[in-house]
Amino acid sequence: MPAPNYRGLSHPYLEAKLPTLDHADGMGQFVRAGCARCKTIHLYRPADIKTVVGGDMHVFRLREKLRCEQCGKRDEMVVEFKTFLGNEMVGLVIRELVEIRTVKKPIWREKRL
Ligand SMILES: [Zn+2]
């Protein structure tokens, strides 16, 4: 795993070698995402995250896509793929995607007649 401050903006050949959501899903890993500001950490299934962000991507692109649910910021997110052993899986709490709702939001403007 590269250094935590690495943003994954390197040569495409090197970037293609970084682990992606599909790799993590195939390895039985979880996505561990947390906000350094709010000190909240959640575990997600990679397939759920892939549905939410709209495609397969490596772990450093995920930092830019995920947003903290408490403070709404993206810049403090820490995202990694985490492997758990069999005995660690007992009682593990993960966030499961239930549904994606599309919100209908009216946009108004003033118009002079
Ligand atoms: Zn936060």
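The exercises below work through a sheet, a helix and a core of one predicted model.

Residues are numbered from 1 along each chain as its sequence is written. Because the model is predicted, local features need pLDDT of at least 70 and side-chain atom pairs count only at pLDDT 80 or more, while totals for chains, interfaces and linings use all residues.

**Exercise 1. Work out the order of the strands in the open sheet.**

Step 1. Strands (E, at least two residues) and helices (H or I, at least four) are DSSP runs numbered from the N terminus, and two strands pair if DSSP finds at least two bridges between them.

Step 2. E1 and E2 run antiparallel and are joined by five bridges, and six bridges join E1 to E3, again with antiparallel direction.

Step 3. Cys 35 has Thr 40 as its bridge partner in E2 and Met 77 as its bridge partner in E3.

Step 4. The order of the three strands is therefore E2-E1-E3, and E2 and strand E3 (77-82) stand at the edges, each with a single partner strand, so that one side of each has no neighbour in the sheet.

**Exercise 2. Find which residues of helix H3 are buried, and what they pack against.**

Step 1. A residue is buried if 20 or more other C-beta atoms, placed from the backbone, lie within 10 Å of its own, exposed if 12 or fewer do, and partly exposed in between.

Step 2. In H3 (residues 46-53), the buried residues are Pro 46, Ile 49 and Lys 50; seen down the helix axis, they fall within an arc of 105°, taken from the directions from the axis to the C-beta atoms, so they line one face of H3.

Step 3. These buried residues pack against helix H2 (21-26), strand E1 (30-35) and strand E2 (40-44).

**Exercise 3. Place Tyr 44 in the structure, beginning with its strand.**

Step 1. Tyr 44 is found in strand E2, and it counts as buried because it has 20 C-beta neighbours inside 10 Å.

Step 2. Contact requires C-beta atoms within 7 Å, and, leaving aside residues up to four places away in sequence, Tyr 44 touches several residues, including Phe 30, Val 31 and Ile 49.

Step 3. Tyr 44 belongs to the largest nonpolar core, which has eleven residues in all; such a core is a set of buried Ala, Val, Leu, Ile, Met, Phe, Trp, Tyr and Cys residues joined through C-beta atoms within 7 Å.

Step 4. H2, E1 and helix H4 (59-65) each supply at least two residues of this core, and E1 gives the most, with three.

Conventions. Two residues are in contact if their C-beta atoms, placed from the backbone, lie within 7 Å.
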